[in-house]
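I opened a fresh notebook page for this one and kept the entries short. Here is what I looked up, in the order I wrote it down.

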Amino acid sequence: MNKRIVGYGITSLLAAVAVLETWIFFFMETKRRARAIRLHWYATMTFIFLLGVVYVWRKVSTLFVSRKGFSFKSLARIASLTVLVMALSCLWLGWAFVNNEPLVINTAASYCLGFTIFLATSFAAVDMAAWCIHSLALRSRKRQSATLKTLLSLLLALIMTASGIWTVSQVEVKLVVLPVKGLHPRLNGTTVVQLSDIHLGPFNGKSALNELVGRVNRLKPDLVLITGDLVDSTVSNLREAVTPLRDLKPKHGVYFSTGNHEYYTGDVDSWIEELPRHGVTPLVNQRVCLFGEEKHGCSGGLYLAGLEDIETRRLNYGSHSMDLHSALSGRGKGVPTIVMAHQPWAAVEAVMWEDVRLVLSGHTHAGQVLPIMFLVYVYNPYFVGLYEPHPGVYVYVNPGSLYYVMPYRHFFRPEITLFTLTCAGSNP
């Protein structure tokens, strides 16, 4: 009888979720749908985090059992529980509190979330190693000390934390020289800066963007291209935070293509209207002819195209949908084209078009931290860095110019990418 009740309960829950999903994707008003999908994602991630928090608490709490009333161990239990609760509330605090600069509580929660993930990873790794050692009979039959395993896990988590904090603070200017077939000789040496995944909002603010802008201006590029996920909240919340964009001083303009997070804000149309006030030109399934004349087929120049994020196909976000035909049809023959496509899956489609020589993507953050990067690597067709899917056709995936939520990175630093375009077969 009990099993039948549980079965009915699970079936009812799944049915309710299915009805809710159908309502969100097919009947909800567009802006509300985008926000609902984001809340749905937050709820899913919070449930996963909850499992991790329970796992970590069961491990850590064994260290702080006290039989002498209130003591240092009691304080340690309270501190541990506070960290875990802050980690669990991180995404929701980010949803509730957005300002020009991150609030202290948001920053604290983001550090707690990362540390909790590292703790869960460390406990799992140590438990697995202990099981393997026991199974292979590489140790005596004496049971391993739970305290020793917990301390080893804490040490490993602290190492991951320290390395993550150090790596995220080391913004890298990555120099990439690309030979471009069909590039006019007078454009040999053209420089292009790519920024991506800045995520202005509850965890990155105006001062971080201002520092990026200063670094870019010191490079004196011809173009600056921002390939999506610039913002994580509405125009009303972040109008002041984006003002440093006005200080970007490339010789031939700043261009922007949308990422999935612009749609999650529910305010993408307002952002498309707002960014030109800050000197940024959005390309929404559009292209421009640079260094040439459109009426002459952009002869002697190059095309720059920007695609809406591929996730618009899933979001059903009003009239918004990634449209390669609108962006790329009718170009002058033989003129090289650069495409801004936020997600690597969009790059897979873009590289199939004639005369597309470079697709600039982001989105992956190179996984950002262990162990998430393994999942990101498996899921995406391009993970990070430079790829050549066809001879003379390149895809570059920027690992992100700042970070998302957690102020940690492993192995891959935040990046400002500086491309130097050269005529194929020539030296820069």
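**Entry 1: two backbone oddities**

I started at K220, which lies in the loop between α6 (206–219) and β3 (223–227). A note to self before going on: this is a predicted model. K220 is not a glycine, yet its phi is positive, at about 50°. I checked its surroundings too: K220 is exposed, with a relative accessible area of 63%.

I then looked at A366, which also has a positive phi of about 50° although it is not a glycine. A366 sits in the loop between β9 and α13. Is A366 buried or exposed? A366 is buried, at a relative accessible area of 1%.

I flagged both for a simple reason: most residues other than glycine have a negative phi.

**Entry 2: a cis peptide bond**

Next I went through the omega angles. The peptide bond from L370 to P371 is cis, and its omega is near 0°. I wrote it down because most peptide bonds are trans. P371 belongs to the loop between β9 (356–361) and α13 (372–379). That is the loop where I had found A366.

**Entry 3: the chain as a whole**

I stepped back for some totals. The protein chain has 13 helices and 12 strands. How much of the chain counts as buried? The figure is 51% of its 428 residues. I also looked at how far apart in sequence the contacting residues are. Among contacts with a separation of 6 or more, residues 24 or more positions apart account for 74%.

**Entry 4: cysteines**

How many disulfides does the structure hold? I found 1. It joins C289 to C298, with an S to S distance of 2.0 Å. The angle about the S-S bond is 95°, and the link is right-handed.

I looked up accessibility for both partners. C289 is buried at a relative accessible area of 17%, which puts it under the 20% cut-off. C298 is buried as well, at 0%.

I added two further cysteines to the page. C132 counts as partly exposed, at 33% relative accessibility. C423 counts as buried, at 12%.

**Entry 5: around V335**

The disulfide led me to V335, since C298 appears on its contact list. V335 is placed in the loop between α11 (324–328) and β8 (337–340). At 7% relative accessibility it counts as buried.

What does V335 contact, leaving aside neighbours within four places in sequence? The list is G297, C298, G301, L302, Y303 and D355. For G297 I noted the C-alpha to C-alpha distance: V335 and G297 are 8.1 Å apart in space and 38 residues apart in sequence.

**Entry 6: around G259**

Another loop residue came next. G259 is in the loop between β4 (254–257) and α8 (260–264). G259 is buried, with a relative accessible area of 0%. Not counting residues up to four places away in sequence, G259 touches G228, D229, D309 and H342. I also took a distance to L230: the two C-alpha atoms are separated by 7.6 Å, with their positions 29 residues apart along the chain.

**Entry 7: α4 against α5**

I kept a helix pair for the end. Before α4 comes a loop from α3 (72–96), and L103 has its place there. L103 counts as partly exposed, at 30% relative accessibility. Its C-alpha atom is separated by 9.5 Å from that of G205, 102 residues apart along the chain.

How do α4 and α5 cross? The axes of α4 (residues 104–135) and α5 (residues 146–168) come within 8 Å and cross at roughly 135°. The two helices are therefore oblique to each other. The crossing of α4 past α5 is right-handed.

I listed some of the residues that meet. On the α4 side they include Y111, F115, F118, L119, F123 and V126. On the α5 side they include L152, L154, L156, L158, M160 and I165. The residues of this contact divide into 14 nonpolar, 5 polar and 2 charged. The α4 list also holds D127, and the α5 list holds K149.

How values were computed: Residues numbered from 1 in each chain as written. Predicted model: local features only at pLDDT ≥ 70, side-chain atom pairs only at ≥ 80, totals over all residues. Heavy atoms only, no water. Axes fitted to C-alpha atoms, helices over the stretch in contact; angles between N-to-C directions. Helix = DSSP H or I, 4+ residues; strand = E, 2+ residues; numbered from the N terminus. Parallel < 35°, antiparallel > 145°, perpendicular 65-115°, else oblique. Left-handed = near helix turned anticlockwise from the far one by under 90°. Contact = heavy atoms within 4.5 Å. Nonpolar A, V, L, I, M, F, W, Y, C, P; charged D, E, K, R; others polar. Disulfide = S-S within 2.5 Å. Buried < 20%, exposed > 50% of the residue type's maximum accessible area, 1.4 Å probe, protein only.
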